[in-house]
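Me: Please take a close look at one part of this model, the interior, and follow it outward to whatever adjoins it. I would like one connected account, with the cut-offs behind each term.

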Amino acid sequence: MIRPFENPIYITRPFLPPLKDFCRGLEAIWENRWLTNNGPIVQRFTQELSNFLETDNICLFNNGTLALQIALQGMGISGEVITTPFTFVATTHALFWNKIRPVFVDIEPDYYTVDPEKVEAAITPWTTAILAVHVYGNPCKLDALADIARRHNLRLIYDAAHAFGTKVGNKPIAHFGDLSMFSFHSTKLFHSIEGGMLTFREAGLNDVFHYLKNFGFKNEVEVVMPGTNAKMNEMQALMGMQVLNYLGEIIKKRARITDLYRNRLKEVPGIRLVPLLSSEIRSNHAYMPIEVDEQEFGMSRDALYEKLKEWNVFTRRYFYPLICDYACYRSIPVNDSLTVARRVADRILTLPIYDSLELSDVEAICEIIQHLQRKIVGEPIVSCVASPL
Ligand code: T4K
C-alpha cells in the first residue's frame with residue numbers, strides 16, 4: 001500500500017561525509033587558527049580538484065554566482081552576450097552586475113541547452129561572448145558552439161553549475177570552452193556547503209581571478225583592480241575535500257535512481273523523458289527532469305506539482321518562469337520567439353534525486369504519479385494507493 005510519505009521528500013538532500021571525519025578536520029582547523037584567505041585546506045582542495053580535473057587553471061570561490069561574475073569581469077566581457085533564458089537566475093545576474101546586455105535565444109528540445117543555430121542568428125557587432133548552460137548537467141552542443149565562437153571570434157563561457165562530474169569521451173566537462181563555472185552549493189551532487197569554481201583555458205587569468213576575489217589586492221600595498229570578496233573559507237574547503245572522496249559512489253547511486261525513474265515513467269501517458277545521452281557522455285545525474293503534457297497526462301504540470309505536495313513530495317519547476325519573464329528582466333527586448341523554451345518552461349518538473357533517496361521511495365513516487373494519471377483518465381488502479389495527506 002503506497003501512503004503519503006511520513007517525512008517530506010525534497011527535490012534534493014545534500015550528501016554529508018561521516019560526522020567524525022568532518023570533526024577531525026575541524027580539529028585541525030582549530031589547531032591552525034587559519035579560517036579563510038587562502039588557507040592550507042583551500043590550497044589542498046584546489047590541488048585535489050586540479051588533479052581530478054586534469055588542469056592547473058582553476059580558482060575557487062565562496063559561491064558560483066560570484067565566480068561567474070568575476071569570470072566575466074576578469075575576461076573583460078562587455079556589450080552583448082548571447083545566452084539562454086532557461087536557467088537559474090544567477091546566470092543572467094552575473095551579466096547584469098557587469099553591465100552586459102543579455103541576448104536571450106531559444107533552447108533545443110532534447111536536452112534544453114541553447115540552440116546553436118539561434119545563437120549564430122543573434123550575433124551582432126556588439127556580441128562579445130556566448131554564455132551557455134549545461135543545464136541539468138547535460139553537455140551543450142559543444143562542437144557547434146565552439147565552431148561558432150571560433151568563426152565569429154567570440155569567447156565561449158559555460159555555466160557548468162550543474163555539471164561537476166560530467167565527462168565527455170573521458171574528458172571532464174571543464175575542458176570545453178574558454179571558461180567554465182561550477183557551483184558547489186549544498187543542493188548540488190558535489191558541494192562545499194556553498195562554493196564555486198572557475199576552470200579556464202588561459203593560464204594568465206589565474207592571477208586576475210585571484211586578485212578579483214580578494215578585493216583586487218596584488219600584495220599588501222597594491223590594489224590593481226576593483227575586486228570584491230569572494231574567497232572560499234576553510235570549512236567550505238574541508239567539506240568539499242571530504243565530499244570529493246565519495247563522488248563516484250554518489251553518481252552511481254544517482255544513476256540507479258535515474259534508471260528506475262526512466263523505467264517506471266516511460267510508459268506513463270503524457271510524461272516525456274529526455275532522450276538517453278550518447279554513449280560517449282558520462283552523465284552526473286544531477287537532476288531528473290520530466291515534461292508533463294497536460295492533454296495526454298490529463299493534468300497540468302502545475303496541478304501535478306501541487307498534487308504531489310499532498311503526498312509529501314516536493315518537486316521543483318526548474319526552470320520556470322524563464323529568466324526574461326522575471327520582473328527585473330522583463331524590459332530587455334527579446335527578438336527570438338523562444339518557442340521551445342516557453343513550451344518546456346510550462347511543462348518541466350524536476351523530480352527528487354539524491355544519493356540517499358531509497359529506490360523504494362522512487363518506486364512510490366512513480367506509483368503516485370501513475371495513480372494520479374490513471375485516476376484522471378478513469379482507468380482501474382492496479383496498485384493500492386492510500387489517500388493523500
Ligand atoms: N547557474 C546555475 C545554472 C545554477 O543552477 C546556479 C544555482 C547558479 C548558477 C549559482 O550558483 P550558486 O551561487 O548557488 O553556487 C537552489 C540553489 O540555491 C542554487 O545553488 C541552484 N543553482 C538552484 C538551481 O537551486 P533554491 O532556492 O531552489 O534552493 P532551496 O533552498 O529551495 O533548496 C531546494 C531543496 O533542497 C530544499 O527544498 C530542501 C533541500 N535542501 C536545501 C538546502 C540548501 C536541503 O535538504 N538542505 C540544504 O542545506 O536554489
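Reply: A nonpolar core is here a set of buried Ala, Val, Leu, Ile, Met, Phe, Trp, Tyr and Cys residues joined through side-chain atoms within 4.5 Å, where buried means under 20% relative accessible area, exposed means over 50%, and partly exposed lies in between, with a 1.4 Å probe and protein chains only. The model is predicted, so local features need pLDDT of at least 70 and side-chain atom pairs count only at pLDDT 80 or more, whereas totals for chains, interfaces and linings use all residues. Residues are numbered from 1 along each chain as its sequence is written, and side-chain values use heavy atoms, with hydrogens and water left out.

The largest nonpolar core holds 74 residues, and the members that touch the most others are L49, F86, F164 and F184. Helix 8 (residues 234-244) contributes the most to this core, with six residues; helices (H or I, at least four residues) and strands (E, at least two) are DSSP runs numbered from the N terminus. Another core, of 32 residues, lies apart from the largest one and includes I271, L304, I369 and L372. In soluble globular proteins, nonpolar side chains tend to be buried together.

Strand 1 (residues 58-61) is buried on both faces: I58 and L60 point one way, C59 and F61 point the other way, and all are buried. Strand 1 runs antiparallel to strand 9 (residues 196-200), to which four bridges join it, two strands being taken as paired if DSSP finds at least two bridges between them. Within this pairing, L60 stands opposite M197 of strand 9.

Helix 3 (residues 64-74) is largely enclosed by the rest of the structure, because eight of its eleven residues are buried; these are G64, L66, A67, L68, Q69, I70, A71 and L72. The N-terminal end of helix 3 is capped by N63, a side-chain oxygen of which lies 3.1 Å from the backbone nitrogen of T65. After helix 3 comes G76, with a positive phi near 70°.

T65 also leads to the ligand, since T65, with R13, D159, H162 and Y318, is among the closest of the 25 residues that surround it, a residue counting as near if one of its heavy atoms lies within 4 Å. Polar contacts are pairs of N or O atoms within 3.5 Å; within protein, one must be able to donate a hydrogen and the other to accept it, and residues adjacent in sequence count only if both atoms are side-chain atoms. A ligand oxygen is 2.6 Å from an N or O atom in the side chain of R13, another such distance, for a ligand oxygen and the side chain of H185, is 3.4 Å, and a ligand nitrogen is 3.0 Å from an N or O atom in the side chain of K188. The protein covers 76% of the 930 Å² of accessible area that the ligand has on its own, areas coming from the Shrake-Rupley method with a 1.4 Å probe and, for residues, only the protein chains shown counting as cover.

Y318 is joined to F319 by a cis peptide bond, with omega about 10°, and F319 lies in the loop between helix 11 (301-310) and helix 12 (339-347). A cis bond also joins Y320 and P321, with omega about -5°. L338, found in the loop between helix 11 and helix 12, has a positive phi of about 55° although it is not a glycine, and L338 is buried, with a relative accessible area of 0%.
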